[in-house]
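Work through the exercises below with the sequence and the coordinates at hand, attempting each task before reading its solution.

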Amino acid sequence: MANRGIEYSEKYADGKNEYRHVILPKEMAKSMPKGRLLAEHEWRGMGVQQSRGWQHYAIHKPEPHILLFRRALGTDPQTGKVDPALERQAKEDYQNQFGVIGRR
């Protein structure tokens with residue numbers, strides 16, 4: 001399937017979630033539902049391709065053609081479910097990378 005001019009950001013994270021944004025061509029965004037988040041079948045139907053577990057979580061009103069996604073750290077990209085071992089490792093990696101002391 002062609003990407004139809006869809007652009008994907010690198011992933012970025014905080015201590016709880018990983019994030020990415022997807023930029024749709026503005027003409028494609030004109031046919032999007034207004035004022036609500038998209039379900040997975042809707043954004044996949046528009047041609048957005050990414051592994052499982054991503055959730056469209058916010059609308060950036062000035063630029064509605066930019067879709068904001070997040071998923072919990074440690075999400076298995078094949079199942080879309082959080083794997084406790086992957087979650088522990090991802091949080092540990094985040095803390096080591098940014099020198100963050102985790103809250104207990």
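## Exercise 1: A pair within one helix

Lys91 has a relative accessible area of 29% and is therefore partly exposed. The model is a predicted one, and the values used here are to be read accordingly.

**Task.** Find the residue with which Lys91 forms a salt bridge, and establish how the two are placed in the secondary structure.

**Solution.** Begin with the distance: the partner is Glu87, and the closest N and O atoms of Glu87 and Lys91 are 3.2 Å apart, which satisfies the cut-off of 4 Å because a salt bridge requires a side-chain nitrogen of Lys or Arg within 4 Å of a carboxyl oxygen of Asp or Glu. Next, locate the two residues: both belong to helix 3, which covers residues 84-98, and they are four residues apart, about one turn of the helix. Finally, consider the accessibility of the partner: Glu87, at 26% relative accessibility, also counts as partly exposed.

## Exercise 2: The other salt bridges

**Task.** Determine how many salt bridges a search of the whole structure finds, and examine the pairs formed by Glu18 and by Arg36.

**Solution.** The search gives four salt bridges. Take Glu18 to begin with: its partner is Arg71, and the closest N and O atoms of this pair are 2.6 Å apart. Glu18 lies in strand 3 (residues 17-23) and Arg71 in strand 5, so the salt bridge ties together parts that are 53 residues apart in sequence. As for accessibility, both Glu18 and Arg71 are buried.

Turn then to Arg36, which pairs with Glu42, the closest N and O atoms being 2.5 Å apart. Arg36 has a relative accessibility of 38% and so counts as partly exposed, and Glu42, at 21%, counts as partly exposed as well; the cut-off matters for Glu42, because buried means under 20% relative accessible area.

## Exercise 3: The nonpolar core

**Task.** Describe the largest nonpolar core, and list the contacts that Val48 makes beyond its neighbours in sequence.

**Solution.** Count the members before anything else: the core holds 13 residues, and those with the most contacts inside it are Val22, Leu24, Met32, Trp43, Val48, Leu67 and Phe69. The elements that contribute two or more residues to this core are helix 1 and strand 5. Once neighbours within four places in sequence are left aside, Val48 is in contact with Ile6, Tyr8, Val22, Leu24, Trp43, Leu67 and Phe69.

To place the core in its setting, note that 29% of the 104 residues of the chain count as buried, and that, of the contacts in the chain with a separation of 6 or more, 45% are between residues 24 or more positions apart. The chain has three helices and five strands, arranged along the sequence in the pattern β-β-β-α-α-β-β-α.

## Exercise 4: The second largest pocket

**Task.** Characterise the second largest pocket by its volume, its lining residues and the elements that supply them.

**Solution.** The volume is about 170 Å³. The lining consists of 16 residues, and Met32, Pro33, Lys34, Pro64 and His65 lie nearest the centre of the pocket. Two or more lining residues come from each of helix 1 (26-29), strand 4 (55-59) and strand 5 (66-72), with strand 4 giving the largest share, three residues. Sorted by character, the lining divides into eight nonpolar, four polar and four charged residues.

Methods. Residues numbered from 1 in each chain as written. Predicted model: local features only at pLDDT ≥ 70, side-chain atom pairs only at ≥ 80, totals over all residues. Heavy atoms only, no water. 1 Å grid on protein atoms, 1.4 Å probe; cavity = no way out; pocket = protein on both sides within 12 Å on 5 of 7 lines; lining within 4 Å. Points joined across faces, edges and corners; volume = space filled by probe spheres on them. Nonpolar A, V, L, I, M, F, W, Y, C, P; charged D, E, K, R; others polar. Buried < 20%, exposed > 50% of the residue type's maximum accessible area, 1.4 Å probe, protein only. Core = buried A, V, L, I, M, F, W, Y, C linked by side-chain atoms within 4.5 Å. Contact = heavy atoms within 4.5 Å.
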